[in-house]
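Please open the structure in your viewer and keep the selection tool at hand. We will go from stop to stop, selecting a few residues each time.

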Amino acid sequence: MNSNTDLALFRPRSSGGAISCGYRLYTSAFRSIFRASWPVALVYSLATALTSSYFIAHVMPLAEMGTIVDPETMYALWRKTIAEWAALVVLFWAASVVLASYGFSAMRQHLLTGEVGRPAHWYGQADKHTLGRLALTALWLLLFGALAAGVVGAMLLLAGKMQLTTLYAGAAVVGAALFFLMLPLAFTAYRSVLAKHFSLLPPVGGYLQGLSHLGMLFVVVLVTGLFTLLLTVICQLPAIILYAANIQSQLGVMHGDEPGMPQSMGLLSFVVFALATFIQGYIQLSTLFPLYYVYGTLTKESEDRMEARANMNSAAI
């Protein structure tokens, strides 16, 4: 079978078919995606390494300093440190969205032409149109996620008098329910970003259709998530070991021990983590493509249903 035909978007597929076609499309288009996105992937890796390094070097030690620093100084340190780390988290989030936009740009090309074209320049090529769509959609999803987290947090605060086991069990049930209620947004987000005409309104169009295919969405998200997690852990293992050694050394110094690591080890850990994260970015980018075929399957099903309904109406007339 012709590869272009086999990877055509609007065809009915099972969960396994969507996962298989998603990874096949990503691997076949990887050279083009890499050529277009490598400068952004480099920025993403540096932003991730900075965020993680700052957390380990500055945020974590504050928890150990609570018993040796007066409350007023401790509060000032927390306020300054958390503000700086939050700024790095925003940078990391922005870099993640920009990198993800290259995946969606490849999907839009495939949707419109049946293939992913090669960028004209070796130094990358941005798709501002897709980036704008994805950025707004990501902000809406971030808002929905914050509301869901707020619901769980409010439950924990209001149920403070309950037994700890009951409280955690209730929070777990509510959290799981909210997760499944938000899962259809994985379909509506693709529907919004890849639509012919983009809307500034919340990306909830087709929510009920996504809800009716909750099983398919869950299987695809679960399988791709576990696969990505496994590859990420393997990729990050050297950096994790180095960072763990750095944390132990810092905690020992704070308790009066001699430094157990050379001064250059912090820089080495940063470089190793940045290199690993550069690879990790492309591992995580692959996660987007199976859901692309879920979007195609659900869209095709909707079109077939509308066509069948129109044929029935015509026959009735």
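What follows is a short tour of a predicted model, with a pair of helices, a single residue and some aromatic rings as its stops.

**Stop one: two helices side by side**

Two packed helices are described by the angle between their axes and the distance between the axes. Start by selecting residues 128-158, which form helix H5, and residues 185-193, which form helix H7. How do the axes of H5 and H7 cross? They come within 9 Å and cross at roughly 155°. Angles over 145 degrees count as roughly antiparallel, and H5 and H7 are therefore roughly antiparallel to each other. Their crossing is right-handed.

Now show the side chains where the two helices meet. On H5, select Thr130, Arg133, Leu134, Thr137, Leu141 and Phe144. On H7, add Leu185, Ala189, Ser192 and Val193. Coloured by class, this contact of H5 with H7 shows six nonpolar residues, three polar ones and one charged one.

**Stop two: a single alanine**

Next, move to helix H10, residues 265-286, and pick out Ala276. Is Ala276 buried or exposed? Ala276 has a relative accessible area of 7%, so it is buried. Select Cys235 and Gln236 as well: Ala276 is in contact with both, leaving aside its neighbours within four places in sequence. Then draw a distance from the C-alpha of Ala276 to the C-alpha of Leu237; it should read 8.7 Å, although these two residues are 39 apart in sequence.

**Stop three: aromatic rings**

The last stop is about rings. How many aromatic pairs does the structure hold? There are 17. One to look at is Tyr26 with Phe289: the ring centres are 5.1 Å apart and the planes stand at 55°, so this pair is tilted. Tyr26 lies in helix H2 (residues 15-28) and Phe289 in helix H11 (residues 288-316), so the pair ties together parts that are 263 residues apart in sequence. Both Tyr26 and Phe289 are buried.

For another pair, select Tyr292 and Tyr293. Their ring centres are 5.2 Å apart and their planes are at 75°, so this pair is edge-to-face. Tyr292 is buried, and so is Tyr293.

To finish, go back to Tyr26 and Phe289 and add Phe30, Phe34, Phe278 and Tyr282 to the selection: together these residues form one aromatic cluster.

Note on methods: Residues are numbered from 1 along each chain as its sequence is written. This is a predicted model: local features need pLDDT of at least 70, side-chain atom pairs count only at pLDDT 80 or more; totals for chains, interfaces and linings use all residues. Side-chain values use heavy atoms; hydrogens and water are left out. Axes are lines fitted to C-alpha atoms, for helices over the stretch in contact, and angles run from 0 to 180 degrees between N-to-C directions. Helices (H or I, at least four residues) and strands (E, at least two) are DSSP runs, numbered from the N terminus. Angles under 35 degrees count as roughly parallel, over 145 as roughly antiparallel, 65 to 115 as roughly perpendicular and the rest as oblique. A crossing is left-handed if the near helix is turned anticlockwise from the far one by less than a right angle, and right-handed if clockwise. Contact means heavy atoms within 4.5 Å. Ala, Val, Leu, Ile, Met, Phe, Trp, Tyr, Cys and Pro count as nonpolar, Asp, Glu, Lys and Arg as charged, and the others, Gly among them, as polar. Buried means under 20% relative accessible area, exposed over 50%, partly exposed in between (1.4 Å probe, protein chains only). Rings of Phe, Tyr and Trp (its six-membered ring) pair if their centres lie within 6.5 Å; planes under 30 degrees apart count as stacked, over 60 as edge-to-face and the rest as tilted.
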